[in-house]
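Got your viewer open and a selection box ready? Let's take a walk through this one, stop by stop.

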Amino acid sequence: MDEFHKIRRLPPYVFEQVNRLKASARAAGADIIDLGMGNPDLPTPQYIVDKLCEAVQHPRTHRYSASKGIAGLRRAQAAYYERRFGVKLNPDTQVVATLGSKEGFANMAQAITAPGDVVLVPNPSYPIHAFGFLMAGGVVRSVPADPGPEFFHALERAVVHSIPKPIAVILCYPANPTAAVADLDFYRDVVAFARKHEIFVLSDLAYSEIYFDNEPPPSVLQVPGAMDVAAEFTSMSKTFSMPGWRMGFAVGNERLIAALTRVKSYLDYGAFTPIQVAATAALNGGDAAIQEVRDIYRRRRDILVDSFGRAGWDVPSPRASMFAWAPIPPAFRHLGSLEFSKLLLEKADVAVSPGLGFGEHGDSYVRIALVENEQRIRQAARNLRRFLETAEETLHNVIPISAAR
């Protein structure tokens, strides 16, 4: 039978090939150091867990919740934005709770996309940024991931040459996967462009609190006039080590938030109320916990960059996010990111994410997640050193699978 229409629009899931190899190696007894999936390993702070346990004791919290988020949670998110960014939000009309930022992006795509609508998406980028709109019937046009002059050249070309005119541009800084960061001047230019051409800005700010070197990433909503065109998505997964809790937010432009809220009202009843209560407590009292998480990722970043460099693989030091975006070593670049990732699994017991999974322009890179402790990162570096020192003799006949066909 033919594939369903929406399934046909999705490419093969690149990461699944690496995941299968990883599972097979572990089943055979290998000790795989997993720096692939961005799945935080840190425990959720105890005060958040305690609040969940307290709330779940009340039978009234076991009923259906509010799809847009309980009022206290939306007020807490608005208060966070005012503390952190100096941005005032109306919790009733400019804040909606989501089941993580990924769900928020996917349902925003459902809410605003008509068949054939064009959306401008960075390449490489987190997959939902593109595929959420593809599943909604839209058309994706790639723009550069780095927030430099070429980004704006691409926007200008897209507006001139796209039929119909693009409806939205996606931003993600600190970026997943590239760890690129943007400043307020960049956001000012994006907002000015969006207002001029009447297109929306959808900003993924999931890594707003995972920054290093005392350089807090800004929000696009800090720009005057941004509320006219922009909505922003945040997540508690990384900030508070709550990935499995599935709690995030969309905030900003009232028309966009209303559209998302209406779509969600047909699809879910919101997160379990005790989770929302615990998330409220996290937002209202979490500055110390956020700093502790940030410090842990900073130490891991420093150890990874130093130890991998001494092992023979120069990895650029990320300024933010929980990822390093590493160029494939020159001797292996001809393999492409998928085959190189498989090779690391098989020969070094180290799992990374192939850059190809984030878009074709990522194929010369792999993403390394800071999701193992410091000892395990050092062990990964020792494994890499042994692999790189012997690779020239043992892998002289390795060629890309695609080239062998």
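What follows is a tour of a predicted model, with something to select at each stop.

**Stop 1: the seven-stranded sheet**

Start with the strands. Seven of them make an open sheet, and reading across you get β2-β8-β7-β6-β5-β3-β4, with mixed pairing. Which strands sit at the edges? Select 95-98 and 139-144: these are β2 and β4, and each pairs on one side only. Look along the sheet and you can check the twist, as neighbouring strands are turned by 25° against each other on average, direction ignored.

Now go to the β2 edge. Its partner is β8, residues 248-252, and the two run antiparallel with 4 bridges between them. For a spot to click on, take threonine 98, whose bridge partner in β8 is glycine 248.

**Stop 2: the middle of the sheet**

Select β6, residues 200-204. Is this strand buried or exposed? Buried: 5 of its 5 residues are, so the rest of the structure largely encloses β6. It's worth showing side chains here. In a regular strand they alternate between the two faces of the sheet. On one side of β6 you'll find Phe200, Leu202 and Asp204, on the other Val201 and Ser203, and all are buried.

Add β5 (168-172) to the selection. β5 and β6 pair in the parallel sense, over 5 bridges. Cysteine 172 has aspartate 204 of β6 as its bridge partner.

Stay on that cysteine for a moment. Cysteine 172 counts as buried because its relative accessible area is 6%, under the 20% cut-off. Jump to cysteine 53 for a contrast: at 43% relative accessibility it falls between 20% and 50%, so it counts as partly exposed. How many disulfides are there to look for? The count is 0.

**Stop 3: helices on the sheet**

Bring up α5, residues 100-112. This helix lies across β2, β5, β6, β7 and β8, and runs at about 150° to β7 (230-235). Then select α7, residues 149-161, which also packs on the sheet. Its contacts are with β3 (118-123), β4 and β5, and its direction makes about 150° with that of β4.

**Stop 4: two helix pairs**

Keep α5 on screen and add α10, residues 254-267. The two pack at an angle of about 100°, with their axes 9 Å apart. An angle between 65 and 115 degrees counts as roughly perpendicular, so that is how α5 sits relative to α10. To see the contact, show Glu103, Gly104, Asn107, Met108, Gln110, Ala111 and Ile112 from α5, then Leu256, Ala259, Leu260, Val263, Lys264 and Leu267 from α10.

Next, swap to α4 (71-85) and α11 (273-285). Their axes are also 9 Å apart, but the angle is about 20°. That is under 35 degrees, so α4 is roughly parallel to α11. Their crossing is left-handed. On the α4 side the contact is made by Gly72, Leu73, Ala76, Gln77, Tyr80 and Arg83; on the α11 side, by Gln276, Ala279, Thr280, Leu283 and Asn284.

While α4 is highlighted, click on arginine 75, which lies in this helix. Arginine 75 is exposed, because its relative accessible area of 52% is over 50%. Try a distance from there to aspartate 92: the two are 17 residues apart along the chain, and their C-alpha atoms are separated by 8.3 Å.

**Stop 5: a short helix**

Select 236-239, which is α9, and pick out threonine 239. What is its relative accessibility? The value is 5%, so threonine 239 counts as buried. Show what's around it: beyond its neighbours within four places in sequence, threonine 239 is in contact with Ala206, Glu209, Ile290 and Val293.

**Stop 6: β9 and the loop after it**

For the last stop, select β9, residues 323-327. This strand is mostly covered, with 4 of its 5 residues buried. β9 pairs with β12 (365-369) in the antiparallel sense over 5 bridges. One pair to click on is alanine 324, which stands opposite isoleucine 368 in β12.

Then step into the loop between β9 and α13 (337-348), where you'll find alanine 331. With a relative accessible area of 57%, alanine 331 is exposed. Finish by drawing a line to alanine 391: the two alanines are 60 residues apart in sequence, and 9.3 Å apart in space, C-alpha to C-alpha.

Note on methods
Residues numbered from 1 in each chain as written. Predicted model: local features only at pLDDT ≥ 70, side-chain atom pairs only at ≥ 80, totals over all residues. Heavy atoms only, no water. Pairing = 2+ DSSP bridges. Axes fitted to C-alpha atoms, helices over the stretch in contact; angles between N-to-C directions. Contact = heavy atoms within 4.5 Å. Disulfide = S-S within 2.5 Å. Buried < 20%, exposed > 50% of the residue type's maximum accessible area, 1.4 Å probe, protein only. Parallel < 35°, antiparallel > 145°, perpendicular 65-115°, else oblique. Left-handed = near helix turned anticlockwise from the far one by under 90°.
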